[in-house]
Amino acid sequence: MGIGSINDDYGEKYGFHVSEKAVFRSPKGLNEEVIRELSAKKGEPRWMLDFRLNAFKIFLVKQMPSWGADLSQIDFDKITYYLKPSEESAKRWEDVPEHIKKTFDRLGVPEAERKFLGGVGAQFESESVYHKLRDDLSEKGVIFTDMDSALKDHPELVKKYLSTLVPTSDNKFAALNSAVWSGGSFIYVPPGVKVEVPLQAYFRINAKNMGQFERTLIIVDKGAEVHYIEGCTAPVYSTDSLHAAVVEVFALEGAKVRYTTIQNWSGDVYNLVTKRAIAHENAIVEWVDGNLGSRTTMKYPSVVLKGANSRADVLSIAFAGRGQHQDAGAKIIHLAPGTTSRIISKSIAKDGGRTSYRGLVKVCEGANSVKASVRCDALLLDDKSRSDTYPTMQVEEEDATVCHEATVGKIGEEQLFYLMQRGLKEEEAMALIVLGFISEFTKALPLEYSIELNKLIELEMEGSVG
Amino acid sequence: MGFEEAMKILDQYDEGVPPRTIKDLGCGCGCKDEDSRKKCPRRAVLAVKNLHVSVHGKEVLKGVDLTVRQGEVHVLMGPNGAGKSTLAMAIAGHPAYEISKGTVTLNSKNVLGLEPDERARLGIFLAFQNPQEIDINLGTFLFHLYKARYGKDAKAADFNRDLNASLKALKLDRAFIDRQLNVGFSGGEKKKVEMLQLLLTKPAFAIFDETDSGLDIDALRVVRDAFNKIRGPCLGVILITHLPKHASKMEPDSVHIMMNGAITQTDGPALIDKIEKEGYGEVKLKVV
């Protein structure tokens, strides 16, 4: 099998598209008119329109980030900013329009819901097309819906939290998202409620040159727990799509939240996402972040440790093949005493792909007895590929324990020989070594996903030996 | 993900599929009892002829000849640096070992042009002196190895049955396979993992490169018991060892002494006693 076969398989598995049957589509490009129309279509309150228009002004003046991946090819005028695929979000699969249902059937969504999820959301282009939460969870007061519905049904919660963690002016893409956001998940878990099964949202871009700008808001109240998973795929087109999401996670006192992403966008998607969480006293925030797809990803899940003894854990993998640049990492801000953080980042580059770890650990004045550790390991599968590490440490308290370890390695010849002596083909042997390399990450996933991920990696490795 | 959980899932996929009876890939000669197998004309032959091997430009093997039939146990002894491990690596196909002359054939087919994995799938197994530590789940690894040996369609149920039998033979707990391959294992555990793989893949030929080194008495006994379980008309063995006692307990058919890159003497088990009494130096003098 040749290298090209990787994309062939993506095409079959995720890269298909269904014919477009949008009920509304904005003209390409962005201006105030597009935003006004979008907001009107959604029937939004005045404050939200103002929020959007203000964000648009900020977007126009904000510079493109110049310190990370190459974004010079993005043409904001060629993107469709809003595409409404159906009239409303359904509560039963039967009510989802046929062509959209077909897509999610092929991605195995209904099956996963039946088997092991507590709730499922599905977004197609700009809008949520399906949302369902298990009855027992909604009886406990858990809210899991799309952001547009949340704005209608729970405006007080949205108004209280939205954009308080990621201000509109945070960066150009956060501003863009604030101007044109549509869809995304809204989760509220009441005090003390522990959601034992994961809630999952699927994000699917179907149309060409599409921009998907979902906005996700997760509020986990005192002592509550939740695990949210998002999966992202798109068809393979020759022209670029843009995914610029903003995610804000609030873990109140003693809350625990895990946010898992398996990003497998096709190789023509710019994935520029701002993800940030805040942890109050004794709260735990875990980002489990898998980056397999996209053309370019810039994503640095962050945690602000605001409350004493709160904890942050960021576990991420990045896999960059031909033409891909995964610029990922994590940011932890220690504001309070007794806070701990751990960052583990594993990256793999092959066929000229490039991975970068970009991270920040900041221990602020007054945050005593902080423990922070960063480990980033890179595995290069050939000489054409590249890996860089850009760690930043700012420590303003003397009693902080901060450690950073970084390794860059190649697959050992002796390991490869050992596995091949047992009858494994070179590419199988390499795949096993890669799977071992990321096993800390895989272990953090629900079983079904870890199996799926292992399969994906094995596919990626096929044909990697010339 | 724990391995046991993964197997449960795999079992679900297999539900309703009856376990496949795995063909005896050891030789598949079809002979019914040991006696007829021993005389079987279809026994495989691994032959090393006039083999010259260099490592980093230095010639280590200078014309080795050795012929092993399935069912035979050959002991290879000799001082450090004589080239015993080099022979093992060259037969298995390690890329750093350059063959300048000679052949290694399996049933008259030259295997020197084949990749290590192709040789392995033909039934050549090397039990390493220093097995690699690799950060992969042992159970997952064994399942991959099993599929490489018996075909991609090998079922989880077949694997489980064979795995349990192999674990039992080595007095290993099922929990053992939930560890990472050789990572942090004691010397004895590593050797047991080698034996476990051997039992699971039933090769036609096995080369033991000092599998007995670094073992305590108990581990040595377990490895030896396992060895006795698998030896038989379907397995040809090259046993590299430094321990005369261990060598004679293996009841070999032939004993070879390797010196300075060549086999200098071949005889029956009596040669082991001679080595024990006189050392290699004396033996060599007599040859000269």
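Which residue is the bridge partner of A:Ala122 in strand 4 of chain A? Before selecting anything, note that this is a predicted model, in which local features need pLDDT of at least 70, side-chain atom pairs count only at pLDDT 80 or more, and totals for chains, interfaces and linings use all residues. Residues are numbered from 1 along each chain as its sequence is written, while chains are lettered from A and ligands numbered from 1 in the order in which they are written.

Select residues 119-124 of chain A, which form strand 3, together with strand 4; the two pair in the antiparallel sense over six bridges (strands are DSSP runs of E, at least two residues, and helices runs of H or I, at least four, both numbered from the N terminus; pairing requires at least two DSSP bridges). Here the partner of A:Ala122 is A:Tyr130. Two residues lie between the strands of this hairpin, where A:Glu125 takes a positive phi near 55 degrees.

Next, select residues 127-133 of chain A, strand 4 itself, where seven of seven residues are buried (20 or more other C-beta atoms within 10 Å of a residue's own, against 12 or fewer for exposed and in between for partly exposed, with C-beta atoms placed from the backbone).

Then move to chain B and select helix 8, residues 217-230. Its buried residues are B:Leu220, B:Val223, B:Ala226 and B:Phe227. They cover an arc of only 130 degrees around the axis, which puts them on the same side of the helix (the arc is that of the directions from the helix axis to the C-beta atoms). On the other side, B:Ile217, B:Asp218 and B:Asn228 are exposed. Finally, select B:Gly232, which follows helix 8 of chain B and has a positive phi near 160 degrees.

Conventions: The expected span of a helix is 1.5 Å times one less than its number of residues.
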